[in-house]
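Q: Could you take me through one small part of this model up close? I'd like to know what sits around it and how it is placed.

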Amino acid sequence: AICSMALMHSSWRMPAVLRRFERARLEGLDVAADLYPYTAGSNPLDASLPVWAREGGRDAMVRRLTEPATRAKIKAEILEPSTTWENQYLGSGGAAGILVSAVGRAELKPYQGRTLDDIAKAERKDPLDVLFDLIAKDDTTGSGIMFFINEADMRAALAHPLVMLGTDSGGMAPDSGPPTAGVHPRAWGSAARILGVYVRDEKLLTLEDAVRKMTSLPAQRMRLWDRGVVRPGAAADLVVFDPATIRDTATFAQPRQYAEGVRWVAVNGQLVVDEGRITSARPGRALRGPGSGARK
């Protein structure tokens, strides 16, 4: 099993989680995990609402948010610490820890890239009223970036041999148009951030181990035996980068930026990045593991 770990805001819980992974391995369970190297996650804005407030579909949720009595009940429950549901509002530290990353309606676009706290202060509103109004007025539930991940926990997991790199995001291009969800720098900068910050600058990982966590380890976990390694007969998926200059440029404010320091990228033997420039080649194809019943 592969478990994508949510590194929660409570300080220094990760060592205990990693010890449980190690015990599970000793007991014969084939477990591993992945993470991305950022201290924030991304979810729909309505993920901060109690589960019952979202039941019945969008129309029912909006109706609850616009009924004064029900709105007050939702607000009170969010502000009350709970062990029965994952309160992303409190877990992110409140309004200052939730950034509006994407909305659907054009008239709401000025709110993108701003925290709930910033909007609330500018409009002299309660931050939860800002959140409820954005959800209710939009065509979608909107997306937010939630700063609920503990840096020390993330670093502990990143250095562990059972943890590989994941992005928790689909591939995106800067010119692909405004997405309605998932606007997070992890889609553009995860690998380069590990190589630049945690390998070169902080030496948390060796270069060899970091590359393993991005290539052969996830390929092995997915039973893709001809991927993630350089050897005769394997697929020629290759990346040539400069360890001295590679760095992520994507930020939470400006996420749609490619990393620097990557010179060449080959997919299935064809160059898709040549001297730092994207080519017109499109040699990629879907990869299917043993669970699909067919590899290619």
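A: Let's go straight to a side-chain pairing: Asp248 and Arg193 are joined through their side chains by a polar contact of 3.5 Å. A polar contact here is a pair of N or O atoms within 3.5 Å; within protein, one must be able to donate a hydrogen and the other to accept it, and residues adjacent in sequence count only if both atoms are side-chain atoms. Keep in mind that this is a predicted model, where local features need pLDDT of at least 70, side-chain atom pairs count only at pLDDT 80 or more, and totals for chains, interfaces and linings use all residues. Residues are numbered from 1 along each chain as its sequence is written, and side-chain values use heavy atoms, with hydrogens and water left out.

So where is Asp248? You'll find Asp248 in the loop between strand S8 (238-241) and strand S9 (262-267); strands are DSSP runs of E with at least two residues, helices are runs of H or I with at least four, and both are numbered from the N terminus. Asp248 counts as buried because its relative accessibility is 13%, and buried means under 20% relative accessible area, exposed over 50%, partly exposed in between (1.4 Å probe, protein chains only). If you skip the neighbours within four places in sequence, Asp248 is in contact (heavy atoms within 4.5 Å) with Tyr38, Gly189, Ala192, Arg193, Val197 and Ala259.

Now look at Lys203, in the loop between helix H9 (186-201) and helix H10 (207-214). Lys203 is exposed because its relative accessibility is 64%, and its phi is positive, about 55°, although Lys203 is not a glycine.
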